[in-house]
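Reader: Before I accept the labels attached to a model, I like to see each one argued from its value. Could you take me through them in that way?

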Amino acid sequence: MSGNTPSFKVVETFCSIQGESTHAGRICFFIRLAGCNLQCSYCDTVYAQSPDCGQLMTLDEILASAQASQCSLVEITGGEPALDPAAPQLAQALLDADFEVLMETNGSVKLDRFPRRLKRIIDVKLPSSNMSQYNETANYQLLHEGDELKFVTANYEDFRWALEWIDLWQLDKKNVPLIFSCVFGSVTPEELVKWILASRRPQLRFQLQMHKFIWPPDQRGV
């Protein structure tokens, strides 16, 4: 790629295992963009919230870093990557370079500008996040194969609210994974699994944040 290309505020890039989603355990190259419009109570990337943090990298530089990593899987994350007006262009460039591309998003920004081949991992913000009023429900009409919905759960009230939200928007009929994980340190995996089993909803899927069990929960770049 040549010519004038956009620049992005990049907090960090690194190669690690994918710790979440149905892709957990796969080797992945992460691109963390700066800036977030939400302040979730359990945020574990506060260092990426400011749009002024990080360093400027051109699209070409990011693409070269991804290619040098020799990873086939790339994730665009943040902060909230969908806030960057050029993020769809970054996703398309990575797809054109034959990467499999994921994007982790907080679910508050409409995602209609992004290429269809991008696999979106969309948070559904539950009450304990203090951000549930910002869920962008228009995204539920845009869901397609490869997308996933993630419910980060801190307590039983969160879990009950999530089931009601799934029913309200018929998310169990969207043919995408409905993934439940624990707010680290707030609810035990055993408790959340117990609630999932008791719900008798086979569409629900449990996950652990794998990376937080391998490395210290607050360690960056792993």
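Author: A nonpolar core here is a set of buried nonpolar residues, from alanine to cysteine but without proline, that are joined through side-chain atoms within 4.5 Å, and buried means under 20% relative accessible area. The model is a predicted one, and its largest nonpolar core has 50 residues, of which Leu94, Leu149, Phe151 and Phe180 touch the most other members. The largest share of this core, 6 residues, is supplied by helix 2 (residues 87–96).

Reader: Which residues does Leu149 touch, not counting residues up to four places away in sequence?

Author: Leu149 touches Ile122, Val124, Tyr140, Leu143, Leu171, Val176, Pro177, Leu178 and Ile179.

Reader: What makes helix 2 largely enclosed by the rest of the structure?

Author: The verdict rests on a count, because 7 of the 10 residues of helix 2 are buried, and the helix is therefore described as largely enclosed. The buried residues of helix 2 are Ala87, Pro88, Leu90, Ala91, Ala93, Leu94 and Leu95. Their cover includes strand 1 (7–17), strand 2 (27–33), helix 1 (59–69), strand 4 (73–77) and strand 5 (100–105). After helix 2 comes Asp98, with a positive phi near 75 degrees.

Reader: Why is Pro81 called buried or exposed, and what is in contact with Pro81?

Author: Pro81 has 0% relative accessibility, and because the cut-off for buried is under 20%, Pro81 counts as buried. Pro81 lies in the loop between strand 4 and helix 2, and, leaving aside neighbours within four places in sequence, Pro81 is in contact with Leu33, Ile76, Ala87, Met103 and Glu104. The C-alpha atoms of Pro81 and Met103 are separated by 7.8 Å, although these residues are 22 residues apart along the chain. The loop between strand 4 and helix 2 also holds Gly79, which a cis peptide bond joins to Gly78, with omega about 20 degrees.

Reader: What is the relative accessibility of Asn139, and where is the place of this residue?

Author: Asn139 is at 0% relative accessibility and so counts as buried. The place of Asn139 is in the loop between strand 6 (119–123) and strand 7 (148–153). Beyond neighbours within four places in sequence, the contacts of Asn139 are Gly107, Val109, Lys110 and Leu111.

Reader: How do you know that Cys36 is not bonded to the closest cysteine sulfur?

Author: A disulfide needs two cysteine sulfur atoms within 2.5 Å, and the sulfur of Cys36 is 6.6 Å from the closest one, in Cys43, so the pair is too far for a bond. Cys40 is in no disulfide either, since the nearest cysteine sulfur, that of Cys43, is 6.5 Å away, against a limit of 2.5 Å. The structure as a whole holds 0 disulfides.

Reader: Why are Cys36 and Cys40 given separate labels for accessibility?

Author: Cys36 has a relative accessible area of 26%, and because partly exposed covers values between 20% and 50%, Cys36 is partly exposed. Cys40 has a relative accessible area of 13%, and because this value is under 20%, Cys40 is buried.

Reader: What makes Asn175 and Arg200 exposed?

Author: The cut-off for exposed is over 50%; Asn175, with a relative accessible area of 71%, is therefore exposed, and Arg200, at 75% relative accessibility, so counts as exposed too. Asn175 is in the loop between helix 3 and strand 8 (178–182), and its phi is near 60 degrees, a positive value in a residue other than glycine. Arg200, which is not a glycine, has a positive phi of about 55 degrees and is found in the loop between helix 4 and strand 9 (204–206).

Reader: How is the packing of helix 3 with helix 4 described, and which residues meet there?

Author: Two packed helices are described by the angle between their axes and the distance between the axes. For helix 3 (residues 156–169) and helix 4 (residues 189–199) the angle is about 35 degrees and the axes are 11 Å apart, while the crossing is right-handed. Tyr156, Phe159 and Leu163 in helix 3 meet Leu192, Trp195, Ile196 and Ser199 in helix 4, and the residues of this contact divide into 6 nonpolar, 1 polar and no charged.

Terms used. Residues numbered from 1 in each chain as written. Predicted model: local features only at pLDDT ≥ 70, side-chain atom pairs only at ≥ 80, totals over all residues. Heavy atoms only, no water. Axes fitted to C-alpha atoms, helices over the stretch in contact; angles between N-to-C directions. Helix = DSSP H or I, 4+ residues; strand = E, 2+ residues; numbered from the N terminus. Left-handed = near helix turned anticlockwise from the far one by under 90°. Contact = heavy atoms within 4.5 Å. Nonpolar A, V, L, I, M, F, W, Y, C, P; charged D, E, K, R; others polar. Buried < 20%, exposed > 50% of the residue type's maximum accessible area, 1.4 Å probe, protein only.
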